[in-house]
Amino acid sequence: MVHLQELGQAQNGLKKQQRVISDARGVRMLHGMSQNLCLIERFIKPIEDYLRGSRTSTSSLLDWALAQNVGSVAQVMLPFFYQDWAGIKDFEEAETLITSALKEHRPDDETAAILGTGACGIAYASAQYFQKVYGVDLSVPTLLLAQAFLSGGALEIHLSQAGWQSVKVSPPAPSKNEIRLVAADVGTLPFAKGSLSAVVTQYLMDIVGDPLGIATEIQRVLKPNGIWVNFSNPFRLPEDSPEFPLPEPSELAELLKPCGLEMIKAERQRFTLLNLDPIYAGGHRKLQEVHFFVARKPHSQGIVTHRRFQIWDKHDGSWWEHIPKIIRGREIQIIQKKILGPEGIREQMEIGLNAVNFGVSREHTAFAEVLFSHIDGKHTLRDIQNHLASQGITMSETEFRELIYCLLNQYCVISLDHSVVA
């Protein structure tokens, strides 16, 4: 429900602003925001109706913990529909780079998956070379918009980066091959082992908690000789301190080798994110460093270091004896803020995870304090679950496993002794 909650919060904030803004710039902004929210609301209404009709209980602490890492909200993703589909030179050059690598190195033309597919420009371009392409993203509203767009529906969006101008984006011709859109976490891809000919990651590897864990998951779903094409900002490893330099392209082969992948090519590229020059002379242009690489899953390989912690084997009793600890440099912050504004002083609680702060209730703050106070490198997972229960926070074994999985693989704020994990 988190996307629906964010949409409601945005609408409430918009109503407050409408009462105080009257100048032309403010009116233009409010009109653009309102139109964008209406567009998103139209596409997600069936999902909202279904969830409201089927929900039997209120949101729990576990729902909150697992819902924080849900991908970009749809209003943040709207400008990328312009980037992907308006014929912008920067995007077309990146698209050509990716599709040329797919065409040159693919083992066959059967199935590819685009991870972090967003507005689906790369998914559509890749469908020229594969019989079936899966566009995978964590943002359900974005996928719903993309699905309607690929089915022939034009979009009118308002771009904050372009002074809230209105832009109409026309849909492409129907794809000659199949494109399926899938809402999924890239850390646990819904594909069988050895089922994909190619995987593409676009602007993804630097925002996931455990990049090498994602690499291992990509290796799992690739068929022998399958390829991985990446176009993302340089990534940082969970255990790296802020002072550590980011990996160089020349160092990526050594990093990916334990994941069962061999490097074909790796190089630096430059990419201007959201270049709006064709419609807007002002604004900030984000020229960014991007690592472009192509890696292959070889037919024969040595021992693969599986970094991904799995929760599925419920019969593994030794799992409960693991002792988790918080990764150095990934500390959890509980923040109490006082905000001084025109309406007086208000207090706000936040939990900080990996430089991202989430607004929370006092109930959620108390939950975090009870949980993380026992993740100290001394107590086992069973100890921690029992401690939560003693404080009135009851979870089933499955719920607790899901929570630990989230902290390990999505947020990467804790670690376990992987040598013991099956």
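**Exercise 1.** In which kind of crossing, left-handed or right-handed, does helix 11 pass helix 12?

*Solution.* Before starting, note that the model is predicted, that local features need pLDDT of at least 70, that side-chain atom pairs count only at pLDDT 80 or more, and that totals for chains, interfaces and linings use all residues. Residues are numbered from 1 along each chain as its sequence is written, and side-chain values use heavy atoms, with hydrogens and water left out.

Step 1: locate the helices, which are DSSP runs of H or I with at least four residues, while strands are runs of E with at least two, both numbered from the N terminus. Helix 11 covers residues 381–390 and helix 12 covers residues 397–410.

Step 2: apply the rule that a crossing is right-handed if the near helix is turned clockwise from the far one by less than a right angle, and left-handed if anticlockwise. Helix 11 passes helix 12 in a right-handed crossing.

**Exercise 2.** Which residues of helix 11 meet which residues of helix 12?

*Solution.* Taking contact as heavy atoms within 4.5 Å, Leu381, Arg382, Ile384, Gln385 and Leu388 of helix 11 meet Glu397, Phe400 and Ile404 of helix 12.

**Exercise 3.** How many of the 11 residues of helix 8 are buried, and against which elements do the buried residues pack?

*Solution.* Step 1: use the cut-offs for relative accessible area, where buried means under 20%, exposed over 50%, and partly exposed in between (1.4 Å probe, protein chains only). In helix 8 (residues 211–221), 10 of the 11 residues are buried, so this helix is largely enclosed by the rest of the structure.

Step 2: find the neighbours, which are strand 1 (111–115), strand 6 (196–202), strand 7 (222–232) and helix 9 (252–256).

Step 3: look at Leu256, which lies in helix 9 and counts as buried at 2% relative accessibility. Leaving out residues up to four places away in sequence, Leu256 touches seven residues that include Leu212 and Ala215, both of which are among the buried residues of helix 8. The C-alpha atoms of Leu256 and Pro211 are 9.9 Å apart, although 45 residues separate them along the chain.

**Exercise 4.** Is Asn230 in strand 7 buried or exposed, and which side chain does its own side chain join in a polar contact?

*Solution.* Step 1: Asn230 belongs to strand 7 and has a relative accessible area of 2%, so Asn230 is buried.

Step 2: a polar contact is a pair of N or O atoms within 3.5 Å, where within protein one must be able to donate a hydrogen and the other to accept it, and residues adjacent in sequence count only if both atoms are side-chain atoms. Such a contact, of 2.9 Å, joins the side chains of Asn230 and Ser232.

Technical notes
Axes are lines fitted to C-alpha atoms, for helices over the stretch in contact, and angles run from 0 to 180 degrees between N-to-C directions.
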